[in-house]
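Welcome, and please open your viewer before reading on. Could you show the cartoon first, with side chains ready to switch on?

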Amino acid sequence: MKVGLLGHGVVGSGVRKIIDDGLTWEVRELEVTRILVKDASEITDPRMTLHADEVLNDPAIDVIAECMGGLEPAHSYVKKALENGKYVVTSNKKMLANYCNELFDIARKNNVTIHYEASCGGGIPWMASLDRTRRVDDIISFRGIFNGTTNYILERMSREGSSFADKLKEAQELGYAERDPSDDIDGHDVRFKVNLSCVKAFDTLQNIDDIITFGIRNIDKKDLQWCADNGYACKLLGNGEFHADRICAFVIPTFLKKEDVFANIPLNFNAIESNSLTLGRAMFFGQGAGSLPTAHALVQNIVDIYKSQDPEINDKFPVAIDNSRHEGVYYIRTLRPEVFAACTDRMISDDTLITGRISLLEIARLAEKAADDKLFIAEVTE
Ligand code: HSE
């Protein structure tokens, strides 16, 4: 089976290496025949080209592996590949989370499929496990640490008492962060992954803009000190909950009891858990980023296509997100505590409060009203 690679950066070069090395008989059935690179200086192999059409229009190519990242031109290239009747595998959560409705539709019309194991949880077989669980069971909810950069920052800040800026710089140097790290620290990267996980877990198509998203940009050492003093660890969690005709989908820093298994996920690792009717809780832990782990997930998807083990594209139904159905207790540090007065249970200091039990939607409304660019919000688990 012939594979065309779009991009030869961190992930693309990993895919080329795994396929060229061919450790197993399944991988030896695959061959990378064309590789799109960005710049003439990158051309080190006769398979490389600067012209996307030489990959997308090559009739011999069966599968396109999109490893470019970003919205454009990745989105246009994937669209073209599907229209040309090629299967697509991608690690690009941002592009797919924004265009999944359109791309699934084009794939269906052209009798091909689009596979995205690598877009969510990197090397962890999270999407495959959802497909497998869904053969027998209904998923009720999922939650997880979907972003290595922010887990690294939070864990190192808590352990070393170091500053946010120092640890972000370190995560960038280690190659965990997105090119624009705002996607990591503002929670957008997790939002994309929550959107795609809802598609898989619940067969739903929802409006990505309705996924309430709070990040860790404004976290301070004193927030983590409060956590430590009260027996908590702070993690950025992505969440999905199914409620028949509605779903809750949100991203929020969460203060977890130290005994909670998620509280102990180290460094840049990811951990994601599903909860389903008959299986109950099942958890997946591993490398959520990096060249070979992510490339591993892409090659797994290509082998699925080779073995005709395409997860069936069920009809997805549009569903509204209703985050009023998720209630919690929240830690809020703000320059405008008066905005939260009606839901405050107790003040911890002049600018920090703990709410009573309240819906997440109401917290999001108050956060918008506060218009405080230094605001930090976390859910406190009970
Ligand atoms: N920036 C992402 C992370 C890369 O830190 O998890 C993998 O999606």
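The stops below visit the ligand, two helix pairs and one loop residue. Keep in mind throughout that this is a predicted model.

**Stop 1: the ligand**

Select the ligand and show what surrounds it. Which residues surround the ligand? You should find Lys93, Asn147, Gly148, Thr149, Tyr176, Ala177, Glu178, Asp184, Asp189, Lys193, Gly288 and Ala289.

Now zoom in on threonine 149, where a polar side-chain atom lies 2.6 Å from an oxygen atom of the ligand. Turn next to glutamate 178: a polar atom of its side chain is 2.6 Å from a nitrogen atom of the ligand. For tyrosine 176, display the backbone, as a polar backbone atom there lies 2.9 Å from a nitrogen atom of the ligand.

**Stop 2: helices α4 and α5**

Select residues 74-83 for helix α4 and residues 93-109 for helix α5. How do these two helices lie relative to each other: roughly parallel or roughly antiparallel? Their axes come within 10 Å and cross at roughly 15 degrees. An angle under 35 degrees counts as roughly parallel, so α4 and α5 are roughly parallel to each other. The crossing is right-handed.

Switch on the side chains where the helices touch. From α4, the contact uses Ala74, His75, Val78, Lys79, Leu82 and Glu83; from α5 come Met95, Tyr99, Glu102, Leu103, Ile106 and Ala107. Colour this contact by class and you will see 8 nonpolar, 1 polar and 3 charged residues.

**Stop 3: helices α1 and α12**

Next, select residues 10-21, helix α1, together with residues 291-306, helix α12. The axes of α1 and α12 come within 8 Å and cross at roughly 60 degrees; the two helices are therefore oblique to each other. This crossing, too, is right-handed.

On the α1 side, pick Val10, Val11, Ser13, Gly14, Val15, Lys17, Ile18 and Ile19. Facing them in the contact are Ser291, Leu292, Thr294, Ala295, His296, Leu298, Val299 and Ile302 of α12. By class, the contact of α1 with α12 holds 10 nonpolar, 5 polar and 1 charged residues.

**Stop 4: asparagine 218**

Finish at asparagine 218, in the loop between β9 (212-213) and α11 (221-229). Which residue offers its backbone oxygen to a polar atom of this side chain? Leucine 375 does, at 2.9 Å. Leaving aside neighbours within four places in sequence, asparagine 218 is in contact with Asp223, Arg333, Asp373, Lys374, Leu375 and Phe376.

How values were computed:
Residues numbered from 1 in each chain as written. Predicted model: local features only at pLDDT ≥ 70, side-chain atom pairs only at ≥ 80, totals over all residues. Heavy atoms only, no water. Axes fitted to C-alpha atoms, helices over the stretch in contact; angles between N-to-C directions. Helix = DSSP H or I, 4+ residues; strand = E, 2+ residues; numbered from the N terminus. Parallel < 35°, antiparallel > 145°, perpendicular 65-115°, else oblique. Left-handed = near helix turned anticlockwise from the far one by under 90°. Contact = heavy atoms within 4.5 Å. Nonpolar A, V, L, I, M, F, W, Y, C, P; charged D, E, K, R; others polar. Near = heavy atom within 4 Å. Polar contact = N/O pair within 3.5 Å; in protein donor to acceptor, adjacent residues only side chain to side chain.
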